[in-house]
Amino acid sequence: MKIKRGFIPALLFALLGLAYSVPKKKVSLLVFSKTAGYRHASIAEGKKALLQVAQENNFAIDTTEDATVFTDKSLKKYSAVIFLNTTGDVLNPEQQVSFEHFIQSGKGFMGIHAATDTEYDWAWFAKLVGANFESHPKIQKAKLNVTDQSHIATKHLPAVWERTDEWYNFKDINTAIQVIISIDEKSYEGGKNGSGHPMAWYHAYEGGKSFYTALGHTPESYTDPLFLQHLLGGIKYVTGKK
């Protein structure tokens with residue numbers, strides 16, 4: 001069969017047009033805030049803030065404290081799971097396996113503040129979140145050093161960010177994490193991790209992506225535009241959005 005001149009270029013343009021017309025998959029987030037230990041008073045404000053961030057950025061979002069959603073089938077629809085001030089043992093062994101499958105399928109995880117005060121007996125999760133909570137001093141003002149201003153979660157921040165929050169000390173820190181914010185232990189009382197004391201970090205893990213920020217204890221944090229932009233950057237990192 002003889003192909004008419006101009007047919008192939010026209011076909012290519014048609015195929016390109018079809019490719020660009022395919023709608024992009026909408027980012028879908030699950031915010032999980034179950035507590036089996038200390039319960040942060042800021043959880044309600046955190047949920048409200050994340051719902052606002054999702055609405056402003058056209059993300060789909062669900063919030064829950066029901067761990068039964070952690071099944072392979074239920075988690076499949078989400079782009080990332082956010083642990084918002086979770087504490088203690090919040091998932092049973094079967095739910096843990098489903099969450100491992102979720103990350104291993106290339107999905108994302110973001111931990112906020114007390115996410116490191118969660119699941120101490122689950123070594124896989126400790127590596128995913130990046131560290132375990134060890135202790136904290138009283139709430140006070142301190143200076144944060146933004147060590148990587150090129151990351152999507154920190155590029156809007158000043159090099160030295162002074163704010164008031166509850167500053168965690170950590171143990172069992174995963175050496176694979178990439179620290180983007182550290183805290184100046186000379187600027188407050190009670191730090192125990194030395195000159196490289198991490199406060200926010202990210203890393204790739206078992207096929208997925210993980211982002212953690214230790215900020216977010218106080219209810220006031222969730223009305224701070226700089227902190228909300230920091231959370232948005234974390235969401236964009238773990239979902240692969242730029």
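The following exchange asks how some descriptions of this predicted model are reached.

User: What makes Asp62 and Lys77 a salt bridge?
Analyst: Their side chains meet at 3.8 Å, N to O, and because the cut-off is a Lys or Arg nitrogen within 4 Å of a carboxyl oxygen of Asp or Glu, the pair counts as a salt bridge. Asp62 lies in strand E2 and Lys77 in the loop between helix H3 and strand E3, so the pair ties together parts that are 15 residues apart in sequence.

User: Why is Lys77 called exposed, and why is Asp62 called partly exposed?
Analyst: Lys77 has a relative accessibility of 51%, and exposed means over 50%, so Lys77 counts as exposed. Asp62 has a relative accessible area of 30%, which falls in between the limits of 20% and 50%, and therefore Asp62 is partly exposed.

User: How do you know that Arg163 forms a salt bridge with Asp224?
Analyst: The closest N and O atoms of Arg163 and Asp224 are 3.7 Å apart, and the limit is within 4 Å, so this pair qualifies as well. Both residues are buried, and Arg163 also forms a salt bridge with Asp165, at 2.7 Å.

User: What makes the contact of H2 with H6 nonpolar by class?
Analyst: The contact is made by Ala49, Leu50 and Val53 of H2 together with Leu228, Leu231, Leu232 and Ile235 of H6. Because Ala, Val, Leu and Ile are among the residue types that count as nonpolar, the contact has seven nonpolar, no polar and no charged residues.

Notes: Residues are numbered from 1 along each chain as its sequence is written. This is a predicted model: local features need pLDDT of at least 70, side-chain atom pairs count only at pLDDT 80 or more; totals for chains, interfaces and linings use all residues. Side-chain values use heavy atoms; hydrogens and water are left out. Contact means heavy atoms within 4.5 Å. Helices (H or I, at least four residues) and strands (E, at least two) are DSSP runs, numbered from the N terminus. Buried means under 20% relative accessible area, exposed over 50%, partly exposed in between (1.4 Å probe, protein chains only).
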